[in-house]
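Q: Please take one helix of this model and examine it closely. I should like to know how its residues are arranged and what lies around it.

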Amino acid sequence: MTGHEPAGAGPAPALGKSGFAVTGLTGFPEVGAGADLAGLIAAAEPALADGDIVVITSKVVSKAEGRVIQADRDKAIEAETVRVVAQRGPARIVQTRHGLVLAAAGVDNSNLAPGMVALLPEDPDGSARRIRAGLRDRLGVQVGVLITDTLGRPWRIGQTDQAIGAAGLLPARDYRGEPDTFGTPLEVTIAAVADELASAADLVKGKVNGLPVALIRGLAGLVTADDGPGAAALIRPADEDLFRYGAADVLTARRTVREFTGDPVDLAAVRAAIGAALTAPAPHHSTPVRFAVLASAGVRTRLLDDMLAAWIADLRGDGFTEEQIARRVRRGEPLRRAPLIIVPCLLTDAAHTYPDQRRNAAEREMFLVAAGAAVENLLVALAVAGLGSCWVSSTMFCRPVAAAALGLPAGWEPMGAVGVGHPAAPARDRPPRDPDDFLMLL
């Protein structure tokens, strides 16, 4: 992890080197809605001591909190999903409102009666805090509590248990700045200790052993006096997620952004987005697009001033009043607020020439469609890189003016302008559209 210091990452505590023990809690009864989990744990293990860590499978918490319901599994997954990250066939990786990214929104129907499904706890950190307080009230002990669920991992086969709720311990141990064995300071190492404990506990709980609670003893240095920030502190912020967009939502990630911050734009990200634009389909094995990247404020101002003058002249020629003209030209202001502008250009040097106007017109339209596909690729790639953009058609209405202002090579035809920058605010929700309203099935 870089650039972000989780609220739950504290300095590495001094732990004993004698090891620790993980044991499954036997004698734990079947749990139903309304069950007092702290009381059941205290009864099953009255010898709990300060510094112990209690690890509880989330399904038990869901049962106690009435989160086992009769429902269609697919509909339950949809209800618990706020964002589809990836989908292949019926398999869905989604984000829940907790911020967790996992398969099927954590909806589980294993070891349940037909037609019943278990949903994740409403507030896993809150559940952990309540169980911890209950154990303190009953046994007078200060313990850590983890609530875990089984999650898959990108790039790795198999699943492991991870912490989705925590109380009484820091979920991460920050080693940054400490020297390694050769004296080199560590720069990025933050150990997800809550997840490590969850996986260790799962080795004794298992999936079929009927042991939903495990006890970890020997790591008292991890247990804190206060409840701590919870497992939510382990969820990576969206702006630091290099893999934010999955195949299912990468296209809808592109939104028109007209307000930008003053933060500079990484030119490496722009180059990568242009590389994505160049993968768009094109006629005759050609590359009919070029991109003028206006990183200089002076160049941007010259282009926009020259286009504005040409626009105003056109509007006056059309008979518009000065007030009407002022309203119209405000549409170009997003480009002035953008810290960087990209001008996509059409290049038709590979176009075929025919003896009739009909085919020549079709040939040009074919190249125009290819240029549009490249622009769309560019906008999507910018969004995936965390950059906002807006496509404005202005340069198409004054191509000679724009070409002269930029000193474009002969044959480069400006096809609008793309304002690029960091969004100043989240984009508005896009109203849903029914594809059936826009197609004709033949």
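A: A residue is called buried when its relative accessible area is under 20%, exposed when it is over 50%, and partly exposed in between, as found with a 1.4 Å probe on the protein chains only. The model is predicted, and local features therefore need pLDDT of at least 70, side-chain atom pairs count only at pLDDT 80 or more, and totals for chains, interfaces and linings use all residues. Residues are numbered from 1 along each chain as its sequence is written, and side-chain values use heavy atoms, with hydrogens and water left out.

The helix chosen here is H6, which spans residues 267–277. Helices (H or I, at least four residues) and strands (E, at least two) are DSSP runs, numbered from the N terminus. In H6, the residues Ala269, Val270, Ala273, Ile274 and Ala277 are buried. These residues lie on the same side of H6, because they cover an arc of only 140° around the axis; the arc is that of the directions from the helix axis to the C-beta atoms. An α-helix has 3.6 residues a turn, so residues three or four places apart point the same way. The other side of H6 carries Arg271 and Ala272, which are exposed.

What do the buried residues of H6 pack against? Their partners are strand E14 (289–294), strand E15 (340–346) and helix H10 (357–384). Contact here means heavy atoms within 4.5 Å.

The start of H6 also deserves attention. There, a side-chain oxygen of Asp266 comes to within 3.0 Å of the backbone nitrogen of Ala268. This pair belongs to the subject of polar contacts: a polar contact is a pair of N or O atoms within 3.5 Å, where within protein one must be able to donate a hydrogen and the other to accept it, and residues adjacent in sequence count only if both atoms are side-chain atoms.

Next come the loops on either side of the helix. Gly228 belongs to the loop between strand E13 (213–217) and H6. With a relative accessible area of 30%, Gly228 is partly exposed. Although Gly228 and Ala167 are 61 residues apart in sequence, their C-alpha atoms are 6.0 Å apart in space. The loop between H6 and E14 contains His285. Its phi is positive, at about 55°, although His285 is not a glycine. Most residues other than glycine have a negative phi, and most peptide bonds are trans. His285 counts as exposed, at 85% relative accessibility. Another residue with a positive phi is Trp155, at about 70°, and Trp155 is not a glycine either. Trp155 sits in the loop between strand E9 (144–153) and strand E10 (156–167), and it is exposed, with a relative accessible area of 69%.

The packing partners of H6 lead outward to further residues. In helix H10 lies Arg364, which is partly exposed at 31% relative accessibility. Not counting residues up to four places away in sequence, Arg364 touches Leu346, Thr348, Arg399 and Glu413. The C-alpha atoms of Arg364 and Gly177 are separated by 60 Å, and these two residues are 187 places apart along the chain.

Leu346 is also among the contacts of Trp412, together with Arg290, Phe291, Cys345 and Leu347, once neighbours within four places in sequence are left aside. Trp412 is placed in the loop between helix H11 (399–406) and strand E17 (413–414). Its relative accessible area of 22% makes Trp412 partly exposed. From Trp412 to Val384 there are 28 residues along the chain, and 27 Å between the C-alpha atoms.

Finally, helix H3 (residues 73–80) may be set beside H6. Its buried residues are Ala76, Ile77 and Glu80. Seen down the axis of H3, they fall within an arc of 100°, so they line one face of the helix. On the other side of H3, Lys75, Glu78 and Ala79 are exposed. The cover over the buried residues of H3 includes strand E5 (81–88), strand E6 (91–96) and strand E8 (116–118). At the start of H3, a side-chain oxygen of Asp72 lies within 3.1 Å of the backbone nitrogen of Asp74.
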